[in-house]
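This report covers charge pairs, a surface patch, internal space and backbone details. Please keep the sequence and the model open while reading.

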Amino acid sequence: MTLFLFTVAFSMHAQTKSISGVVSSKEDGLIPGVSVLAKGTTNGTTTNAEGKFKIENVQPEDYLVFSAIGYATIELPVGNKTKFDVILSTDTKVLNEVVVTALGISREKKSLGFSQQEVKGESLTEARSANVANGLSGKIAGVQITSNGGPGSGSNIIIRGSSSVAGNNQPLIVIDGVPMQQSTSNQFGGGISEINPDNIKEMSVLKGPNAAALYGSRAANGVILITTKNGSGTKGIGIEYNANVTFERPFIKPDFQNTYGGGNGYRTWYSDGWSGVIGNDAADQYRAAYGSFVPGKTTGTAGTDESWGAPMDGRLTRQWWTGTDVAPLTPQPNNWNEFWDTGSSVTNSIALAGGNDLGSFRLSYAKLSQKGISSFNDYFRDNVSLNSNYNFGKFLTATFSGSYIKTSGNRNYQSGQQFIWAHRHISWDRLADWDSYTDTHIQRSVAGKLPDTDPPNWQHTYFTNPFYMNEMLPTTNDKNRILGNVALNFKLTDDLKLMLRSGTDFWGDTRINIANFERIRNGNQTPGRYSEEVLNSQETNHDFLLTYDKMLTSDFSFLAQVGGAQRLNSYKRNYTYVGELIVDGLYNLSNSNPSQNVAESRIEKSEVQSLYSSFQFGYLNALFLDITARNDWSSTLPSEDRSYFYPSVSASAVFTDLMNLQSNILTFGKVRASWAQVGNDANPYQLAQTFRSGGSWNGSAAQYYENTTIANSSLKPEITTGIEAGLDLRFFRNKLGLDITYYNQTTENQILGVEISKASGYGQRILNAGKITNKGLELTLSGTPIDLPSGFKWDISVNYARNRNEVIELAEGLETFTLQERRGLVSLAKIGEPYGTLYGIGFKRTDAGQVIYENGLPITETTPQVLGSVQPKWMGGINNTFSYKRLVINALIDARIGGSFYDEGTATGRWTGQYAETAIGREEGVIGEGVMNVGTAESPQYVSNDVIIPGNVFYGRNNPRRYHEVGIFDGTFVKLREVSIGWRVPETILSRAKIQSAKISLVGRNVLMLFSNHPHVDPEVDAYGGNSQGFTYGQLPSSRSLGFNLSLGF
Amino acid sequence: MKKTYKILLTGLIIFAGGISNSCTDGFDELNTDPNNPTSISPQYLLPFAIEKSVDRYWGGRTRFERLNIDGAMLWMQYLSRNIYSNEGDSYGITPTFYNNTWESFYDDGLVNFDRIIKQAGTDGAQPNVNYEGIALVMKVWVFSLLTDLYGPVPYSTGLKGTTKEPIYTPSYDAMEAIYAGLLSDLKIANEKLKIGGPSVSGDILYNGDILKWKKFANSLRLRLANRQATKKPTESKAIMAEILSNPATFPIFTSNADNAALKHTATLPSNNEWHQVMIQDGRTDWSLSKTFVDFMKKYDDPRLGAIGKSNGGSFEGIPNGLPDAIATTYLSSAAVLSSRFTDASAPSVIMTYSELQFILAEAALDGDISGNTTEFFQKGVKASFDYYGVNIPASFYASIGTISKAKIMEQKWVALFGQGVEAWTEYRRTGYPVMPTKDPRASFENNGILPTRLPYPTTEYSLNKAELDKAITAIGSDNMQTKLWWTE
């Protein structure tokens, strides 16, 4: 949110007057549509078609601000003048836009030899996502964000495709110059997901290695630089308050069938939740519904968790909630809506900022309370931050920036099978109210054993009531994080500066996962169980930077920087699983039967030391050359290869300035090119073969086993090399801008756990192997198509990115590398194919691509084949801003085109008869679409398949565990990602409440799915995160959120 | 300015303190794994390798990869599924079934047995003939499972991922060659194992009783020799003669007390895998097969009551391969496993005295050894009845009638209840017991053919294709219908 200041206006009672005038420019003559505003007020107007304006109620102390796109803004004191003849000059300031780049150096954007894109804080906070990273989606070319919708969840961020086969592909997150540790866990998030969006002044995305050579290893995947607000520029004291309330519902509702109930063989009957024998007391009821009843033989159907049951025609059946009564079997078309809650996010943030010549500070506090769409799931986040700086005379500035972040909540529900292995006749509202049915609900009672005590549910064979699980078996965490840095900036001479800085990021997280409660199921008693995991992680960075910045002559500028850094990482995990609680419900490690406990722990420590330098030469402020060099020493590599060097070179030329090409059409033109390398080390402890603890036998004989990953004592660092070239053009005095970037980057010598034949006795070996290239094109087009004198304005920015990823080589003799496996379907890095090629069992097809049937069922190929790739063809976004006086409407369209994923959930849901398509032909039989061979095997002759197959057999071929192809879906989506409608409240209303400024916005995220090829779910889904993209199985659905945002400045 | 430099100096000193350890001397120590040892005594490797191998063989907790209860026990028609018959009962299995069985036998079991052999061997760090002998016996047993399941498998060049000249793409050995190696290794193991020799700990199978290990080694050698008897008659006869003629040097099982069986305990995860699946995880998907129940009823065999639990009154089994809609209708009436098999401490059986007697009975019938077929046969039957603690009905032998190969194999099949893999292997070798015609309502995959082997893992296709292709060429084709070497 913009910072609104409270300024004491002594002139409230001064005399006011009316002023008129005309605005023109040398090049364009009279200018219409120029905004004329009395500074610090909302009193203003715009010039008419003849460039004339008139403004009332102006005071002599006021300044008038004249601004228009493409022209430099000027401020003129009113004094005793009543008529103004204003001449605006063409704006060059926009071109001199200053951006924060590597090492926190502010540079003119035009001097950069590589591509960099920014997002201002306010565009992240209105139509907000609790996780700031999600706000980047669609706004920055080449950035792909995938997230799941759970409260406090993490996001997977990939810039310009995946470059590492097995390692980290996430960008480095740097806050105010100091890296923040990231977790790729979807469930717990961590890192960028914990940042308070209201503190962000600006985010800069440095893509690829070119922009980031100076951040070292982890910047190979790009850097997201976050600059927080620090109160500087504040005159006096300012208070900001922001409130954001959003409500969430599931975004996409699957298309269910509402004809047949749960069960099998056209029967639906609850006996004891286990397909148990139906007692004679129900004989008449059963006969009334289904005709025949065989005493001691006929069973219930609740044990079958599929929907091949009776037509939901109102026949009277026993159901889980009816007890010994019967009730009409009726469709529950709304049970999807019943299952999900309306989630909510409430953020309140307040900041106090102040500044003067000696320094500035900003103290902020924000509280986020999130309630998930799944019952009892929630997330709470408290952020306290203090940024301050103080000038000790002219020569020294000390800065401090620190945050304490506390997060907690229940993140139990990540995925579920409530709509996959399910009975369509279930009302979830009724199940949520399970407690009311405890006495009527019939449980299984095994002779000679205690009767079952599970909470009422639609069945007990496989599932426990999910509402009960979310409430009583939560997965909670409690995390404390402190991060911050102190820095001293010395101004040694006018040209020479020194910065000394120390920063640390520490977090401790305690995760409690309650796995079971004491209960009797099928006559067997199981105890309460839980696990407790304590994680501590710290990264500390010390660095120094000496900067020499001088205009050598009036034409030549020179900037040199020499720096050094030490980075220390430490991590500790303690995990205890309690297999048997003594007293159920009391979660303390000592309340356990020790023989049933499992303990694990892990320590990781590593250190990297670096020296680096950077030189920049400028000529005529239009031609720039940058050279950087860095050497790292890493503790995780063997001594002979622990030191590695990597340089970069980049150049840019503002050719419009150099060659005097400026015209009314082309305002600005720049070409840029760069080449860069980034080296990367290994994870710790991969150099020596070890044995691993494997628990114990009978709680007494300790067990160890040989690590099945073969260590490598001669690892080398991996190297990413990238070239990038770009063109930045602005037309019509910056009314239209075009930025094109081409890049080609290669990561070599990748440190991989390469899978080997298991018959070698081992699963994989650590190797320097693998080479992946990413080539791509990024395009950003921005402009102002409409800018009317009436004040109506339309700004649009379009971005497009395509990345072509190819695995060039792996280890010797190795063709493929498995990234993720599920049900035998693998996501592979395969030579000659993109990273993330999906490989599995598919159906036999003719050359024309038709599925070949035999006896009415598709024939499966016996060997695995390529079924798709997780890589999208291209991604893009269109951001529109419409403004009219006090009203601003923003709409962001976000698109990902192409790419496949293995949606085991949807395919399984077809197999189990959940979806609308499975109701078709159930009783008559189904003819599969494809051909069959009526010729011989040698000379096939294909005709349309005409064999009728029973519905459940036919849809049974949607078993994605065996026929992987049925689970492959297109990942394309086009979404109306964000909409916000903002209105600045008129000052006349505010002044009475002593409020300086106020803006109210209506905001929405995931507002509309504009296009998708998936019949049932939002294709933007990812079960595993990290390098294992492209899988889903009943993941928490993405949500649509709508809400409002209020920001006040005092 | 002076003041500035003072401050600067102070700053530099503080900063230098922060990075004073800025030399990389300590890096090697920093990168030494504080979590895992680089060497370990065999006593800790042995229990892990035994437990993992036996669990994988007997049960396996993970759905879709349970070798015995999603495969062999169903195919041998001991058990049938009352739901999800497409998970093995109808002969369809998923890649994880044959991928993970392979991986676990090699990488959880064999590699650790092999490490013990190296470490406890004459040239090893901790020479100990008894660890060496025990690990060798176990290694042979696991390799025999692998080759009996898949056919040719990497043997002579397998397990060499960390040797001086490492092999990452091992070649496949013919079953004949593997059998020769295994039989020879068992002889060596028997020689190594020294009663009164160095003591061993971590022996969760025989608790350090070396005599029992020797008995197991020689009994296992008889099993393998008998298996290849029709293919390699001379060698097999010689091996059997060597063992049987010299019981002092080559002791064999003499009672059920010698049985090779892992005695599970109630303590997780040392409990029986079937207990984990059927009790702890609450899966009730298995009933007794109609084939088994009917066979037992035909002979009024009281072992049925010890193995199974009737579901009201009389025993009934479910035909194998029924579609779910039909199979579930039997849920209420079909017999299920007794607690003898589902208890936490139920044993996982590798080889029994009873099985040995049936082996000898068959060998005697075939003329491979001298001795009285009937005597061996009856000892085998008796041992099995004893095992279940029930008496042989008076008319039992009479109702069986003349002892033939079929009768021996039928009773061996009954005695092997639980040891689905061994029963399946013997069925594939001999064709006994002859399975009844399929239920008309049942539907089977694999062209209705009872699986003859497991397909090779898909990981071998992607990681070891050249060698795999040679193996496939040698056996014909990689499917579940190719007959293996010992098929008679």
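Over all chains of this predicted model, the count of salt bridges comes to 76. Side chains of opposite charge can pair when their charged atoms come close. Three pairs are set out below.

| Salt bridge | Closest N to O distance | Residues apart in sequence |
|---|---|---|
| E194(A) and K479(A) | 2.7 Å | 285 residues |
| D739(A) and R672(A) | 3.0 Å | 67 residues |
| E426(B) and K412(B) | 2.5 Å | 14 residues |

Take the E194(A) and K479(A) salt bridge, with 2.7 Å from N to O. This pair links distant parts of chain A: E194(A) sits in the loop between β15 (178-180) and β16 (200-206), while K479(A) belongs to strand β25 (residues 475-491). Are its two partners buried or exposed? E194(A) has a relative accessibility of 1%, so it counts as buried. K479(A) has a relative accessible area of 3% and is therefore buried.

The salt bridge of D739(A) with R672(A) has its closest N and O atoms 3.0 Å apart. Here too, distant parts of the chain are linked. D739(A) is in strand β39 (residues 736-748) of chain A, and R672(A) is in strand β34 (residues 666-680) of chain A. Both D739(A) and R672(A) are buried.

In chain B, E426(B) and K412(B) form a salt bridge, and their closest N and O atoms are 2.5 Å apart. The pair joins two helices: E426(B) is in α19 (residues 420-430) and K412(B) is in α18 (residues 405-415). E426(B) is buried, and K412(B) is buried as well.

Which other residues join E426(B) and K412(B) in a network of salt bridges? The acidic and basic members are D148(B), R223(B), R227(B), E355(B), E362(B), D366(B), K405(B), E422(B), R429(B) and E488(B).

Next, the surface of chain A. A nonpolar patch there covers about 870 Å². Its residues are I237(A), I350(A), L352(A), L363(A), Y365(A), V384(A), L386(A), F400(A), Y404(A), I482(A) and V486(A). Which strands each supply at least two residues of the patch? They are β21 (343-356), β22 (359-371), β23 (378-392), β24 (396-410) and β25 of chain A. I482(A) lies in strand β25. I482(A) has a relative accessible area of 48%, so it is partly exposed. Strand β25 also holds K479(A), which is buried at 3%.

Now the internal space. Rolling a probe the size of a water molecule over the atoms shows where empty space is left. The count comes to 18 cavities of 30 Å³ or more. The second largest cavity has a volume of about 340 Å³. Its lining is made by 28 residues. W336(A), V1017(A), G1034(A), Q1035(A) and P1037(A) lie nearest the centre of this cavity. By class, the lining has 13 nonpolar, eleven polar and four charged residues.

Chain B has 21 helices and eight strands. Its C-alpha trace spans about 115 × 55 × 45 Å along the principal axes. Of the 488 residues in chain B, 63% are buried. D55(B) is found in helix α3 (residues 42-58). D55(B) is buried because its relative accessible area is 8%, under the 20% limit. How many residues separate D55(B) and L262(B) in sequence? The separation is 207 residues, yet the two lie 9.2 Å apart in space, C-alpha to C-alpha.

Last, the backbone. Most residues other than glycine have a negative phi, and most peptide bonds are trans. Y266(A) has a positive phi, near 60 degrees. Y266(A) is in the loop between β18 (236-250) and α2 (283-290) of chain A. With 33% relative accessibility, Y266(A) counts as partly exposed. N734(A) is not a glycine either, and its phi is about 70 degrees. N734(A) lies in the loop between β38 (718-731) and β39 of chain A. Is N734(A) buried or exposed? N734(A) is buried, with a relative accessible area of 16%.

In chain B, the peptide bond from Y432(B) to P433(B) is cis, with omega near -5 degrees. P433(B) is found in the loop between α19 and α20 (458-463). Helix α19 also carries E426(B).

Definitions and conventions: Residues are numbered from 1 along each chain as its sequence is written. Chains are lettered from A and ligands numbered from 1 in the order in which they are written. This is a predicted model: local features need pLDDT of at least 70, side-chain atom pairs count only at pLDDT 80 or more; totals for chains, interfaces and linings use all residues. Side-chain values use heavy atoms; hydrogens and water are left out. On a 1 Å grid over the protein atoms alone, a cavity is a set of points where a 1.4 Å probe fits but cannot get out, and a pocket is an open set with protein on both sides within 12 Å along at least five of seven lines; lining residues have an atom within 4 Å of a point. Grid points are joined across faces, edges and corners, and a volume is the space filled by probe spheres set on the points. Ala, Val, Leu, Ile, Met, Phe, Trp, Tyr, Cys and Pro count as nonpolar, Asp, Glu, Lys and Arg as charged, and the others, Gly among them, as polar. A salt bridge is a side-chain nitrogen of Lys or Arg within 4 Å of a carboxyl oxygen of Asp or Glu. Helices (H or I, at least four residues) and strands (E, at least two) are DSSP runs, numbered from the N terminus. Buried means under 20% relative accessible area, exposed over 50%, partly exposed in between (1.4 Å probe, protein chains only). Patches are made of residues with over 30% relative accessible area and no salt bridge: like charges are joined within 9 Å, nonpolar side chains (Val, Leu, Ile, Met, Phe, Trp, Tyr) within 5 Å. Accessible areas come from the Shrake-Rupley method with a 1.4 Å probe; for residues, only the protein chains shown count as cover.
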